[in-house]
Amino acid sequence: MNPDDFVKRRVAIHVAYLGTNYLGSQWQGALTTPGVVPTVEAALEAALTKVGAIAPHNAGDISKVGWSRSSRTDKGVHSLGTVVSMKMRLHPQWLSVRGDLDPVYANKLTDAINDALPTDIRVLCVQRTPKQFQPRRACRVRTYAYVIPSWVMRSSTERSDDVSLPPDNATVDRFRSALQALEGSHPFHNFTSRSVYVNNRHKRQDSSRRSRHAAKAAAAAAAAAAEVRMESGEKVELESGWKQVDNDGGESEDIDPDDTDDEQMQPWELAAAGSASGELAGWYETRYVEDGVEGADPVTPEHWRRVLSFTVEKIDVDSVNGQSFVRVRVSGESFLLNQIRRMIGLAVSVARNDVPLSYLEAALAGPTRLYTPISPSHTLYLHSNAFNPFRSGDGNEKKKDRKVLDLTQTGVTIRGEFAKAELAPAMRTSLAHEDWERFDKMLRVFAAFYRDEWAGGADRPEPEQKRYVGVGWAPLMTVVERGQSWRVSRDEEKKRQEERRLNREREREEERRILLREKSEAKREEQRKRNDEEREREREREREREREREEL
């Protein structure tokens, strides 16, 4: 075929992968570029170039093909349903009259791309989309699954060498209560690196005020000095100050690598070194920030997220190695950096009775600054996405008739095969990873710190070195109690707002009824007037006829 005959059309590529061998999913440069870290998108771009879906002169630069994705994942996190959008080279013969991709060719294209990919990355299907399609914005729900070895959920006093034992009912009940408390709309500032979103927001505002040339110069300067500290301990130099590979949540804004701080440190690294809880006290946070005194540590609208559901999906024993595990599923509109793993980590602490549910509830209060443990990334994977329907070009198409992006039947088959052949063995191996031992030790250090702070922390002097200007340390008991009070006040305010909303709706409904009644009465009055006028005209005609008869 003549290369000049090919056209570019926007498509959606459904991708499943294991994140074990990659430093995140997001593109950081072509694999052929010296010093570039291996990512899932880099491997996918290389395969697309190899099969001719990307023209040779566009290879190595995804901006030339309008590349975007529905979500990003961190190093070690897997996926069964990431959607990548791009403008792909297609021959007109492969398109229908309406511009859709021929199913037969789509399956052949999927097979060709998979032949060029490593076995830990699979393209599930390729579909045509409208040219305005942006998967990150079109994705309305992201669903993740996370697998936890059951022994981790047992406290040290209940520890057993038998890994086949499931958690007891009381532990599961505490765990479910913790997950349920995380549902809804909350400020999840304690479940991420707060400064990333605060600083990123300020940087975007600043760049909008500066000229384009100055903004590019500042980004280049930041990129030259930027190094992201990965959890593996490696340093990864990024090409741009607006790239970020550490994100288990999907839709959060791009993150400046300069914003990484101590919260990104793994506390089990300190715990494994034998540090006592007292030595870690300066690292854990116990603060309450009054309104208007947040200084350099504010909570912004970007910290708010809505968790639609958080449930225990399955408690089972692996048929191969006999290890008991708990699988949870969480759905939300979007998630912050490390939010899912920190929610799991604190929920496991509650299940183990290391901290009470009130600690978790207080961590969801805007003014509190409390530590939340982070769980390993090895068993977290993106399960599925749900997208809004496509809009037609003329806007006249009915909503119920709009197409919705979803896996084809072939894609469902390939995903099932990948989950069985690749994901299941990876989960099995990850359940025995040494990081679970470190996670368990970190939770025990955290529990000891909590007990020490709750019992006698009020007598501990305030640290001399404050991390944030204008914000002081507070006893843990005070922070938790005031955090709960804030949540109660917020819930009461939400109830009052709901009552006011219902009252306004009732008032508007009453106004509509009155207006309709007035209109109806006006119509009836108008009709009566017309009837009276008609009767008067009829009587006048009758009198006229009478006069005519008299004259005759």
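This is a short run through some salt bridges in helix 13, which covers residues 476–551.

The model is a predicted one. In total, the structure holds 32 salt bridges. I will go through three pairs and then a network.

The pair to start with is E510 and R513. They form a salt bridge, and the closest N and O atoms are 2.4 Å apart. Both residues sit in helix 13 with a spacing of 3 residues, so about one helical turn separates them. As for exposure, E510 has a relative accessible area of 33%, which makes it partly exposed. R513 is also partly exposed, at 39%.

Next, D532 and R535. Here the salt bridge has its closest N and O atoms 2.2 Å apart. Again we are in helix 13, and D532 and R535 are 3 residues apart, so the separation is about one helical turn. D532 is partly exposed, with a relative accessible area of 40%, and R535 counts as partly exposed at 45%.

Then R547 and E544. Their side chains meet in a salt bridge at 2.3 Å, N to O. R547 and E544 both belong to helix 13 and lie 3 residues apart, about one turn of the helix. Relative accessibility is 37% for R547, which counts as partly exposed. For E544 the value is 35%, and that residue counts as partly exposed too.

Now the network. E534, R537, E538, R541, E542, R545, E546 and R549 are joined into one network by salt bridges that share partners.

On the background, side chains of opposite charge can pair when their charged atoms come close. That is what I have on these pairs.

Note on methods
Residues numbered from 1 in each chain as written. Predicted model: local features only at pLDDT ≥ 70, side-chain atom pairs only at ≥ 80, totals over all residues. Heavy atoms only, no water. Salt bridge = Lys/Arg side-chain N within 4 Å of Asp/Glu carboxyl O. Helix = DSSP H or I, 4+ residues; strand = E, 2+ residues; numbered from the N terminus. Buried < 20%, exposed > 50% of the residue type's maximum accessible area, 1.4 Å probe, protein only.
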